[in-house]
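User: Got a model here I'd like to talk through. Can we start with confidence and then go on to the sheets?

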Amino acid sequence: MASGKNPKDPTPDPVQAVSISARAHLECTAGPEKGQRLRVAPNVTLIGRDAACDVVLSETAVSRQHVRIERRPDRWLLKNLSANGTLLNKKSVDEAALADGDEIRIGAKTRLRFVVEEVALSASGRPQFRRRAAPKEDEAPEPEKPAAVAEEPTKPSLLRRRKNLFIGLSVYFLALLGLAIWLVMRGGGLPGGSSQIPVLLENDVVIPGPGQRPLRILHETSEGIRCEDATGQPVLVAAEKFASGEAKKIPGIRSALDVKFNFEANPTLAEQGKKEAIELYRVRYLPGRASALYSAVRKFQQALGYSGGRGYFENPAEDKIYQDALKELIDIVKRDYSQTVLADKRDDYRAAWNGYQNLLRVVPDRENPIYRNVAVRADRLKRLHEDLK
């Protein structure tokens, strides 16, 4: 028998109303992340391919910012952000209320099951989680009392209403305090906090202020840096903001690896650099040579610097090897970095630690922005978890 629920209608079914103690997560049932359990944040969860999202998916058909899950007082709400569309229980939606067991389809292959957990307290007072059970199909609903014998609800006294209001506000502020402490301990930091570690994106971006989303750089002027936000609207970040430290320019992965050198022309050093780079490129996958690909790319770039700064090699075969090496390095770092940050966000700290250590071997240059960012993240994990020391 059909329930009659319309996925496009954000009004929740009273049976599925969210209690204050309920929590949720996503189980990936299909796609590149199949089998993973993904955390749903207490307030807003942004899902997409962008490394700055709360849940990062690697499928190329997924938009950079595809969907958003919002926690409301009485329900979770799913909002589609992508022109590619989102399916909820096989029906296209722009905005819809989520219930336990709903299937979210995004991209070509990715399937996410929305799972609600209810927090119950044990005899010792510690929280215990259990799946919210769905009613059985053959179970008859409890008969309602006839209207003639229905009991008249008793209106609580003014003193009791004030007491309940005080208790509710106390619980609310304690929950906010607990969330703030959890954010600081996780290393994500509060907006504007010193513990905030920016996530490296593909290209250079500007953080206009503490806790604000990154902006894509268009070009720099004497007034500041002209950017655009996620909706494509132009934004000027004034030079005064950078001078005061309120705004920050965050280097991206591509710009940190695709470096241009401009040395005094020296054909001998240029030829020697090319030969060393090709040898390193050939052994990049041998055991213990994790940094060989990065070293090969740097040798190629230095050879170009000694060749007059053209940006390419005159020999097409040599130039193709360099372009292949650069693309391979950027792709590997982007993939490993996004997967490791995702593992860190879902509290899989051992996988995150191993991923950070591998990235430090792949990019061993301590002056590189990627190395500095990863080293800070690894150091934070080491401080939080004693068994990593």
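User: What pLDDT does the protein average?
Analyst: This is a predicted model. The protein averages a pLDDT of 80. 74% of the residues score at least 70.

User: Where does pLDDT stay under 50?
Analyst: Residues 1-9 are one such stretch. The model has 15 contacts beyond four places in sequence for residues 1-9. Residues 11-17 also stay under 50, with 8 such contacts.

User: How should low pLDDT be read?
Analyst: Where pLDDT is low, don't read the predicted coordinates in detail.

User: OK, sheets. What's the order in the one with antiparallel pairing?
Analyst: 16-15-14-13-17. That sheet is open and has 5 strands.

User: Why is one side of strand 16 and of strand 17 left without a neighbour?
Analyst: Strand 16 (234-238) and strand 17 (248-250) stand at the edges, so each has a single partner strand and one side without a neighbour in the sheet.

User: How much are neighbouring strands turned?
Analyst: By 45° against each other on average, direction ignored.

User: And how many bridges pair strand 15 with strand 16?
Analyst: 5 bridges, in the antiparallel sense. Strand 15 covers residues 224-228. Arg-226 stands opposite Leu-236 in strand 16.

User: Now the sheet with mixed pairing. What's its order?
Analyst: 4-3-5-6-9, an open sheet of 5 strands. Its edge strands are strand 4 (55-56) and strand 9 (95-98). Each pairs on one side only.

User: Which way do strands 5 and 6 run?
Analyst: Antiparallel. 5 bridges join strand 5 (residues 67-71) to strand 6 (residues 76-80).

User: What stands opposite Ile-69?
Analyst: Leu-78, in strand 6.

Terms used. Residues are numbered from 1 along each chain as its sequence is written. This is a predicted model: local features need pLDDT of at least 70, side-chain atom pairs count only at pLDDT 80 or more; totals for chains, interfaces and linings use all residues. Side-chain values use heavy atoms; hydrogens and water are left out. Two strands pair if DSSP finds at least two bridges between them. Helices (H or I, at least four residues) and strands (E, at least two) are DSSP runs, numbered from the N terminus. Axes are lines fitted to C-alpha atoms, for helices over the stretch in contact, and angles run from 0 to 180 degrees between N-to-C directions. pLDDT is the predictor's confidence in each residue, from 0 to 100. Contact means heavy atoms within 4.5 Å.
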